[in-house]
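User: I'm new to this one and keep tripping over the labels. Could you show me the model and explain how each label is earned?

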Amino acid sequence: MHIPTLIARKREGEELTSDEIRELIAGYAKDEVPDYQMSAFAMAVFFKGMTPREVAALTRAMMDSGDCFQYPADRPTVVDKHSTGGIGDKVSLILAPLVACAGCWVPMVSGRGLGITGGTLDKLESIPGFNVRVEMDEAVKQLQQMNVVMMGQTERFCPADKRLYSLRDVTGTVPSIPLITASIMSKKLAESLDRLVLDVKYGTGAFMQTQSDAEALAASMTAVGQQMGVEVFTILNPMSEPTGRTVGNALEVIEALECLEGGGPADLRDIVLELSMPISGKSRAELETLLDGGKPRELFDRIVIAQGGDPADLKKLGEIHRAPLIREVLAPTAGIVEAVDAGLVGQASLQLGAGRAKSNDGVDFSVGFDQLIKSGESVTSGTPLCRIHARNQADFEMAEAMILKAIRVAN
Ligand code: URA
């Protein structure tokens, strides 16, 4: 296969065959196709798009570049959820043990935060000792013991996607619906799922800025999942305001634990239940009873033990990751909170150090926001709008200015 010709054909908007796509991706995974050719190909796809048949072929080729989960025949229903990322989105930490307690297997393979959106792996790693590098056979053993594993993408898990996603990140080719579809769905399909729920976000704090783009992405991912025999449910959720009242790694784990203990903010609990219903096959009332009964919280402790952590640390996470400076931001005027701009809060948390600008940057587990006010709540002058957890005074002042811009109070 002559790669420059293939790139040129895509550049001209031609439909490639499944065999051509498979060969290209297999060549890339084996290092026979260099990054410069793959980035040219990604840019051609960015501008010319792909037909549904091409997207399915690309997804399958990326999935086949590594291993897929293999389960025993008598396993229960295998399910997962994928969120296209948001600010303060700690839903996975609650949903995984909840749905596992409902009797499903949940092999949750998550990513790290990139840009302003947080990642489940970074949150989990704020628990001292928590190991997200679990090999597939170990993951299946853990599923047999406790119905759930929470892990990252290993070397043998969709390696072509791992490389291509990093390449797209530095070549301006991330926001392409065919490439996003193939990237996300190849990883979800390699989990050998029966059911998948997709939480497709849109708004200032999301990848997809508009509802119509989010609908197009949801339709594209659903079509690929269905072609490969997975029952896919999509739920569109606005990401105009952060989820819950915390943003930042350890702070979000603390809030997730509150939710697992029957408390936590109403919007967080709502979205957990909404996304858990279709994959678990349980009603909202059944899931609420399960959540409030404490079994998912106990299971979270068992996951922590199985993956190298100590549940005793969960009770003191705020002390373990205590930022040097924790201070409130006060409302300058009285009124009703009209908006909390998720995009700006995400930018502020990134600049505090909670997120990463490049994929190999580290993150600071301790920084971020808690006690965030929600829209619709009323304030008087001097009411706290949130608390900032910062490394120093300069970072606090930067975040304070951004928070005062993000939170709009109407009188
Ligand atoms: N998450 C992924 O895993 N891939 C994308 O392309 C975008 C978000």
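Analyst: Sure, let's start inside a sheet: His82 stands opposite Leu198 in E4. A word on the source: this is a predicted model, where local features need pLDDT of at least 70, side-chain atom pairs count only at pLDDT 80 or more, and totals for chains, interfaces and linings use all residues. Residues are numbered from 1 along each chain as its sequence is written.

User: What makes E1 and E4 a pair, and in which sense do they run?

Analyst: Two strands pair if DSSP finds at least two bridges between them. Strand E1 (residues 79–83) and E4 have five bridges and run in the parallel sense, so they qualify as a pair. The strand and helix names are DSSP runs numbered from the N terminus (H or I over at least four residues for helices, E over at least two for strands).

User: Which strand does E4 reach through Leu198 and Thr234?

Analyst: That's E5, where Thr234 stands opposite Leu198. E5 (residues 231–238) is parallel to E4, with eight bridges joining them. Between the two strands the chain passes through helix H10 (residues 211–227), and this β-α-β crossover is right-handed. The term means that, with the strands pointing away from the viewer, the path from the first strand over the helix to the second runs clockwise.

User: Why is E4 called mostly covered?

Analyst: A residue is buried if 20 or more other C-beta atoms lie within 10 Å of its own, exposed if 12 or fewer, and partly exposed in between, with C-beta atoms placed from the backbone. In E4 (residues 195–202), eight of eight residues are buried. In a regular strand the side chains alternate between the two faces of the sheet. Here both faces are covered: Arg195, Val197, Asp199 and Lys201 sit on one side, with Leu196, Leu198, Val200 and Tyr202 on the other.

User: Why is Gly294 called partly exposed?

Analyst: Gly294 has 13 C-beta neighbours inside 10 Å, and that falls between the two cut-offs, so partly exposed is the right label. You'll find Gly294 in the loop between helix H13 (284–293) and helix H14 (295–306). Its C-alpha atom is 9.6 Å from that of Leu98, although Gly294 and Leu98 are 196 residues apart along the chain.

User: What makes a nonpolar core, and which residues have the most contacts inside the largest one?

Analyst: A nonpolar core is a set of buried Ala, Val, Leu, Ile, Met, Phe, Trp, Tyr and Cys residues joined through C-beta atoms within 7 Å. The largest here has 136 residues, and Val99 and Val272 have the most contacts inside it. Helix H5 (residues 91–101) gives the largest share, nine residues.

User: How do you know that domain 1 and domain 2 touch, and how many residues are in contact?

Analyst: Residues are in contact if their C-beta atoms, placed from the backbone, lie within 7 Å. By that test, 19 residues of domain 1 are in contact with 23 residues of domain 2. The domain bounds, from an automatic or database assignment, are domain 1 (3–63), domain 2 (79–314) and domain 3 (322–410).

User: Why are E9 and E11 called edge strands?

Analyst: Strand E9 (378–379) and strand E11 (407–410) each pair on one side only. Their open sheet has the order E9-E7-E11, with antiparallel pairing. E7 (residues 335–340) and E11 share four bridges, while E7 and E9 have two. Ile336 stands opposite Ala410 in E11, and its bridge partner in E9 is Ser378.

Conventions
Two residues are in contact if their C-beta atoms, placed from the backbone, lie within 7 Å.
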